[in-house]
Amino acid sequence: MMGRTHMAIGFLVGLLVLPFVQPDNSLLFVFLVTFASLWPDVDHENSKINRLLPITRWIPRVFVHRGFFHSVFPALILYGVFWYFGLAWIGLPLALGYLTHLASDCLTRLGCNLLHPVSTFRIQGFVWTDGLVEFALFGVVVVLDVVVGVMRFF
Ligand SMILES: [Zn+2]
């Protein structure tokens, strides 16, 4: 999926979980979920995250697209590291955003191997990346972003 779709979905998930997590800073929480929803695509050369962060551009040369960085392991490591340093309140939204990206990539034709490299099992959907269905999904999610955002913050 495209970066914008991931961000829109990440933003929505961040908003929806707010009542359950009740973070000290709701805006920061939603921002971190949204930002981390771009991270798995560090394994893709032309991804939004690699255009934002020049320091991660080496990753696509070493790691296959939708391999390790599209598994649940980086999310677990991310959370574990922040938790270890007493920063679980940062690790949680980052891991959540990361997993949100993986869940939405599972809807695409290419799918996602969530346990790479332990397993070769892929979850695949019917959505073409940057296709009409994704565009429609993006539109629906943006409307929900606005509606739920207004409900949460105003
Ligand atoms: Zn992806």
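Modeller: Helix axes here are lines fitted to C-alpha atoms over the stretch in contact, and angles run from 0 to 180 degrees between N-to-C directions. This is a predicted model. In it, α1 and α2 pack at about 140 degrees, with their axes 8 Å apart.

Colleague: Why is α1 called oblique to α2, rather than roughly antiparallel?

Modeller: Roughly antiparallel needs an angle over 145 degrees, and roughly perpendicular covers 65 to 115. The angle here is about 140 degrees. That falls in neither class, so α1 is oblique to α2.

Colleague: Which hand does the crossing of α1 and α2 have?

Modeller: Right-handed.

Colleague: Which residues of α1 and α2 meet?

Modeller: α1 brings Met7, Gly10, Phe11, Val13, Gly14, Leu15, Leu18 and Val21. α2 answers with Ser26, Phe29, Val30, Val33 and Thr34.

Colleague: Take α2 and α6. What makes this pair oblique?

Modeller: Their axes cross at roughly 40 degrees and come within 7 Å. Roughly parallel would need an angle under 35 degrees, and roughly perpendicular starts at 65. The pair is therefore oblique. α2 passes α6 in a right-handed crossing. On the α2 side the contact uses Phe29, Leu32, Val33, Thr34, Phe35 and Ala36. On the α6 side it uses Ile90, Pro93, Leu94, Leu96, Gly97, Tyr98 and Thr100.

Colleague: And why is α1 with α6 put in the oblique class?

Modeller: The angle is about 130 degrees, and the axes are 9 Å apart. The perpendicular range ends at 115 degrees and the antiparallel one begins over 145. So α1 and α6 are oblique to each other. This crossing is right-handed. Thr5, His6, Ile9, Gly10, Val13, Gly14, Val17 and Val21 of α1 touch α6. The α6 partners are Leu92, Pro93, Leu96, Gly97, Thr100, His101 and Ser104.

Colleague: Step back to the whole fold. How many helices and strands are there?

Modeller: Seven helices and zero strands.

Colleague: How do you know that the protein is as compact as a globular protein of its length?

Modeller: Set its radius of gyration against the globule rule. The protein has 15 Å, and the rule gives 15 Å for 154 residues, so the description holds. The C-alpha atoms fill a box of roughly 45 × 40 × 30 Å along the principal axes. Of the 154 residues, 40% count as buried.

Colleague: What share of the contacts with a separation of 6 or more links residues 24 or more positions apart?

Modeller: 56% of them.

Colleague: Which residues touch the most other members of the largest nonpolar core?

Modeller: Leu12, Val33, Leu94, Ala95 and Tyr98, in a core of 32 residues. α1 (3-21), α2 (26-36), α5 (73-84) and α6 (88-105) each give the core at least two residues. The largest share, eight residues, comes from α6.

Colleague: What does Leu94 contact, beyond its neighbours within four places in sequence?

Modeller: Leu32, Ala36, Leu78 and Phe82.

Colleague: Now single residues. Why is Arg66 called buried?

Modeller: Buried takes 20 or more other C-beta atoms within 10 Å. Arg66 has 21, so it is buried. It sits in the loop between α4 (59-62) and α5. Its phi is positive, about 60 degrees, although it is not a glycine.

Colleague: Gln22 has positive phi too, near 45 degrees, and is not glycine. Is Gln22 buried or exposed, and why?

Modeller: Exposed takes 12 or fewer other C-beta atoms within 10 Å. Gln22 has 9, so it is exposed. Gln22 lies in the loop between α1 and α2.

Colleague: What makes Leu28 only partly exposed?

Modeller: Leu28 has 13 other C-beta atoms within 10 Å. Exposed stops at 12 and buried starts at 20, so 13 falls in between. Leu28 lies in helix α2. Its C-alpha atom is 22 Å from that of Asp41, 13 residues away along the chain.

Colleague: What is the omega angle of the cis peptide bond between His116 and Pro117?

Modeller: About 0 degrees. Pro117 lies in the loop between α6 and α7 (132-153).

Technical notes
Residues numbered from 1 in each chain as written. Predicted model: local features only at pLDDT ≥ 70, side-chain atom pairs only at ≥ 80, totals over all residues. Helix = DSSP H or I, 4+ residues; strand = E, 2+ residues; numbered from the N terminus. Rg over C-alpha atoms; globule rule 2.2 N^0.38 Å. Contact = placed C-beta atoms within 7 Å. Core = buried A, V, L, I, M, F, W, Y, C linked by C-beta atoms within 7 Å. Left-handed = near helix turned anticlockwise from the far one by under 90°.
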